[in-house]
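Student: I have a structure to go through with you. I want each label justified by its definition.

Tutor: Good. Put it up and ask.

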Amino acid sequence: MTRSKASPVHAADPIGRRVGALLAEMTLHEKIGQMSQVNGGESYIHDYLAEALRAGRVGSVLNEVNVDTVNELQRIAVEESRLGIPLLIGRDVIHGFRTIFPIPLGQAASWNPQLAAECAAVAAREAAAAGINWTFAPMIDIARDPRWGRIAESLGEDPQLASVLGAAMVRGYQGDREGSEHGAEHGAGLSDAGTIAACAKHFAGYGAAESGRDYATANVPENELRNVHLRPFRAAVDAGVATLMTSFSEVDGVPATANEFLLDTVLRGEWNFEGLVVSDWDSIRQLSIHGLTADDRGSALEAARAGVDMEMHGDAYLCHLAQLVEEGEIDPAGIDAAVTRILALKFRLGLFENPYTDPGAFPAAADEQALATAKRAALQSAVLLKNECKALPLSTEATRTLAVIGPLADAPHDQLGTWIFDGDEDLSVTPLQAIREQAGEEVDVRYLRAMDTSRSRDTAVFDEAAALAADADAVLLFLGEEAILSGEAHSRADIGLPGAQSELVARMSEVGKPVIAVILAGRPLTLSDIVDRVDAILYAWHPGTMAGPALADLLFGVESPCGKLPATFPRMVGQVPIYYNHKNTGKPPSPDTVVHIDDIDPSAPQLSLGMTAFHLDAGYTPLFPFGHGLSYTTFDYQNIRTDVEELVPGDSITVSADVANTGERPAVEVAQLYVRDLVGNVTRPVRELKGFRRLRLEPGERTTVSFVLRAEDLAFYGRDMRLRTEPGEFHAWIGGSSATELQAAFRLVESA
Ligand code: BGC
């Protein structure tokens, strides 16, 4: 081990003293035991596990959620092992525990950090009541590829949005006090009841898996790693995240779990992270499968040297670390530093004072506050992609008969999405149930599932569906992906609507009634084949337990949609990766250089097809850009300006615009600020999100939205891989999506 030799916990502070005293009593084998995390999860303690606990060979157990079993695990560790060290109890509490919130990508579409923090806080409270004290969330991998199943678990494609939301989630899980400048004075902290340690994952570059295939190689140049993929992790560290998890994949030839550059140079060296780093599931032993090491001994050596403190499920550390230390391959000070970080977290969590959980703490009945938060989150995460001829909201006067059709209208499990180990499906309220309730006596709701699953290719009942639609005043189609089609190891190469869904849409569109598609999915889907066949598209992601009440409120206009896309929607999968903050290239496309494959003039010379960066069959624009999202009202942005024309390093500038609600309903708009640095030491993106604000405006109301940009907000990593703020020209835009044209300019100049 290298830098990790330095003790991360200060000997003078109370926790440091306690850790130091405990460490001094530990044998090498007991220390290595702390570095091992084993799988539980059967509401039962096998003899071998009990024995390992007594012998001090286990520092943490994951996946056990039966509170009595957890208490018994703690009791054995505390009462029957020599030193009585309590356990970290880990679990993937990703978008809820019992109450399920929208998938993280859906929560990201709310652009509401406060709400994301509330969801995390409720999840923490529910998980803590089951004895869990450590979650493996938030996942803050930048995801530019919707084929990747884990885009569902991500906060989307943008480093700024992922940074703000990820940091909010960390505060939600751990309590406000952690990472706060005010220290112990304010809010809840890790030692309080109902909070759990968070884990920012997967460090780093995992989201850049080649072709979106989970676990595949990630090729990310260092400059892009620093300017894009590492930013949310830095924000999580600044927010006080207690732990980080390494990624399964390799970056630049070195698997993240053995990556000294990531763990030692950047994380602990440049960022001074003092928390614990855990491997991903068995990712230490997988180092030999990658071909980095020949065997488990070599894997233990590489991971420990790089600075992985704890091995999740696997025994490379247990079997080999002691010998490696004895043979002088690993510095014992490195082991001490790792164990110090582990013990320090246990002290911070208050586990030495009370390792047990009150078995009566878990609420027997549904928790109304949790359900209300889940509804609000589902409501705010839905994105209205399209709404022609005011197809939405539905009017109960004009809609006497409503056809509800599709495989996801009444799917209590699938509306929950991926990572719902502990989710209670019985709490789910489906769209069909809620629509029936909302419609009351006035509207005759007629339902046909039409397809068994979202993947079904059977079109046998499509005639019946068409007849149902023909008799109705409007058709609500609930389409998308079942939960199983996204998440870990659930990547897709074709990201269109699965099965015969497009055909179902085609049949519905022929009927001549307003057709509204509500799409529940774990990723951006390619919707080119249906977009012109429907009147409206409401994109709900997997909205969770309260999908039904939230969607019914939106469909009937009780609330207006306010979600905005956290990831670009491609026209076709071949455009991937397509993301808004791309580079300009030396040959940027424009409408007048694009040629479509159907328009190629056979008599034209072959080399004259535009000569810019576009696809002959897809052009260069997405179907829906990052930040896009409509409302039942309209917003008008005018008069962008800056308070000064120039700023110097250390200074700030305010960029403002006037925003008006020009429609007929009160609604929330997410105003967005984008910036472009025109010339850089390395090329800079064509636009970068620098700020966003949610505004609630009454019809006719006008307000000014202002963003303060500090010179340091304009910093980036240059060719020397150092953060720099360069003088030069900048453009700024404010608007309702990344495609906004409302532009101002300013300059950053050297100090006088
Ligand atoms: C995933 C992690 C997760 C872990 C434990 C792994 O397969 O990559 O994100 O936390 O399993 O369940």
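Student: Why is the pair Arg 724 and Asp 720 called a salt bridge?

Tutor: The test is a side-chain nitrogen of Lys or Arg within 4 Å of a carboxyl oxygen of Asp or Glu. Arg 724 and Asp 720 meet at 3.7 Å, N to O, so the pair passes. This is a predicted model, where local features need pLDDT of at least 70, side-chain atom pairs count only at pLDDT 80 or more, and totals for chains, interfaces and linings use all residues. Residues are numbered from 1 along each chain as its sequence is written, and side-chain values use heavy atoms, with hydrogens and water left out.

Student: What makes Arg 724 and Asp 720 count as buried, partly exposed or exposed?

Tutor: Relative accessible area decides: buried is under 20%, exposed is over 50%, partly exposed is in between (1.4 Å probe, protein chains only). Arg 724 has 25%, so Arg 724 is partly exposed. Asp 720 has 42%, so Asp 720 is partly exposed too.

Student: Which residues are joined into one network by salt bridges that share partners?

Tutor: Glu 51, Arg 54, Glu 72, Arg 75, Glu 79 and Glu 80. The structure holds 43 salt bridges.

Student: How do you know that Arg 18 and Glu 353 link distant parts of the chain?

Tutor: Their side chains meet in a salt bridge at 2.9 Å, N to O. Arg 18 is in helix α1 (residues 14-25), while Glu 353 is in the loop between α14 (332-348) and α15 (368-381). They are 335 residues apart. Helices here are DSSP runs of H or I with at least four residues, strands are runs of E with at least two, and both are numbered from the N terminus. Arg 18 has 38% relative accessibility, so Arg 18 is partly exposed.

Student: What about Glu 270 and Arg 226: which is buried and which is partly exposed?

Tutor: Glu 270 forms a salt bridge with Arg 226, with the closest N and O atoms 2.9 Å apart. Glu 270 lies in helix α10 (residues 260-270) and Arg 226 in helix α8 (residues 222-229), so the pair ties together parts 44 residues apart in sequence. Arg 226, at 5%, counts as buried. Glu 270, at 35%, counts as partly exposed.

Student: Why is Asn 272 called exposed?

Tutor: Asn 272 has a relative accessible area of 54%, so the label is exposed. Asn 272 sits in the loop between α10 and β9 (276-278). Its phi is positive, about 55°, although Asn 272 is not a glycine.

Student: Where does Ser 43 lie, and what is its phi near?

Tutor: Ser 43 lies in the loop between β1 (36-39) and α3 (47-54). Its phi is near 55°, again positive in a residue other than glycine. At 43% relative accessibility, Ser 43 counts as partly exposed.

Student: Which omega values go with the cis peptide bonds at Pro 138 and His 202?

Tutor: From Ala 137 to Pro 138, omega is near 5°. From Lys 201 to His 202, omega is near 0°. Pro 138 is in the loop between β4 (134-135) and α7 (159-174). His 202 is in strand β5 (residues 199-203).

Student: How do you know that the radius of gyration agrees with a compact globule?

Tutor: The rule, over C-alpha atoms, is 2.2 Å times the number of residues to the power 0.38. For 752 residues that gives near 27 Å; the protein chain has 27 Å, so the two agree. Buried residues make up 60% of the chain.
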